[in-house]
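Reader: Hey, can you walk me through this one? I'd like to start with what counts as a core.

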Amino acid sequence: MIREVSIENYKSIEKLKLSLGRINIFIGENGCGKTNILEAIALAAAAASNKLDNEFLVSRGIRVTEPRLMRSAFDSENSLQEIKIQVNRVQQIEERFKCVINNDNDPYSNWTYRNAFSLHEESTELLRWSIESDFLNVTKNISEKELLWGSSNVFQAEQNYLYKIGRYFDDVGTDFRLNKKGFDFKHYLIFSPHYSSLRLFEKEGQIQPLGINGEGLFKLLQVTARSKSNELSELHKIKKKMKLIDWFEDFDIPQDLYATEKRLKIKDRYLNEELAYFDQRSSNEGFLFLLFYFALFVSEKTPNFFAVDNIDASLNPRLGRRLIQELVELAEEYEKQAILTTHNPAILDGLNLEDDEQRLFVIYRNKLGHTKARRIFNPEPLEGQKSVKLSEAFLRGYIGGLPKNF
């Protein structure tokens, strides 16, 4: 998973560092910079894929504007400064991608980047010391005569030493770590599903299998239904989770990928048997949004790391709370990691902050206008008082994230 993100000089972000869990929820005032954080990660993912043209940035969910306005505008001389973004993944050793992104602000000019991938100096010295210690351990029992005149033992020890040093610095100087299994940072997208895209099923997005507005959902469900192995797992799981909608009983989808009519046959358990099915064109928004989220989290073909902006859109508060609980379970089961933004207090009650992999952040702007983030831990009640739900703590202003100017 991605464990740490550092951002410098992007829109309202002058300098910011975040430590992430598996499910991360951002709350805060309108315009505080929540989406800017998501975009900065998407910009780094685009750089890692060497796709910084505007059409690729837009298709990832970035709100593209004039290059000079993509930098922090706190200093009039900052319009040509570099944007710096670093993404770390920690497993057995620390792995990181760091890029420096710039644009000369000329009309029609593109963004460029250079890879500043490196390890901490102390990590470099520690590894060098380890390799040299191995060499010394091998040679300490070799006689002075052998060391002076050389021997096969000395030669082999020297070769092993040189190989390890060379291999290590080769690794540091390349992007090989980005391609290691599980580091799907390059596929990161900011999803913001639209009802029109989910309802019509008529087009696929530039990025597959799911576009940022929900394009491609019909085909993804078709592909899932065609796979016999998945029919008992992924598709079954999606249908099972859709039972959160009280009236939902089942849906049927044609497996012909080239069918001209794209209809999802949805069964309402209250309808007459003769009229048991209707399609997505007359379905409510909440149903389609839920279907999108479950497909996104369950499918092995969707990114392992992504963001959803305004996950509470079109959802009943109680359904939103339950959705978060379900997504936490699915994220762990299907090895997904997500950043979610919301303005709905009920969403927070779906979190269990005792679990370190579920994290809540208040995004705010400091006195200088810079976007900052503060992680919220499970609030402890004052002595003699009962604990309150996170939603209540949010609304009462205990954890921040509310406007203060009125």
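Author: Sure. A nonpolar core is a set of buried Ala, Val, Leu, Ile, Met, Phe, Trp, Tyr and Cys residues joined through side-chain atoms within 4.5 Å. Keep in mind that this is a predicted model.

Reader: Ok, so which residues touch the most other members in the largest nonpolar core?

Author: That core has 61 residues, and Ile-25, Ile-238, Met-242, Phe-287, Leu-291, Phe-297 and Leu-360 touch the most other members. Helix α11 gives the largest share of this core, twelve residues.

Reader: And what is Leu-360 in contact with, leaving aside neighbours within four places in sequence?

Author: Its partners include Ile-25, Ile-27, Leu-348 and Ile-399, along with Arg-374 and Arg-375. Another core, of 40 residues, lies apart from the largest one, and has Tyr-10 and Cys-32 among them.

Reader: Back to α11. How do the axes of α11 and α12 cross?

Author: They come within 10 Å and cross at roughly 15 degrees. Angles under 35 degrees count as roughly parallel, so α11 and α12 are roughly parallel to each other. On the α11 side the contact involves residues including Tyr-293 and Phe-297, and on the α12 side Leu-323 and Glu-326 are among them. By class there are ten nonpolar, no polar and one charged residues.

Reader: Handedness of the crossing, left or right?

Author: Right-handed.

Reader: New topic: where does Asp-250 lie, and what does it touch beyond four places in sequence?

Author: Asp-250 lies in strand β8, residues 248-252. Asp-250 touches Lys-239, Lys-265, Ile-266 and Lys-267, and is partly exposed, with a relative accessible area of 27%.

Definitions and conventions. Residues numbered from 1 in each chain as written. Predicted model: local features only at pLDDT ≥ 70, side-chain atom pairs only at ≥ 80, totals over all residues. Heavy atoms only, no water. Axes fitted to C-alpha atoms, helices over the stretch in contact; angles between N-to-C directions. Helix = DSSP H or I, 4+ residues; strand = E, 2+ residues; numbered from the N terminus. Parallel < 35°, antiparallel > 145°, perpendicular 65-115°, else oblique. Left-handed = near helix turned anticlockwise from the far one by under 90°. Contact = heavy atoms within 4.5 Å. Nonpolar A, V, L, I, M, F, W, Y, C, P; charged D, E, K, R; others polar. Buried < 20%, exposed > 50% of the residue type's maximum accessible area, 1.4 Å probe, protein only.
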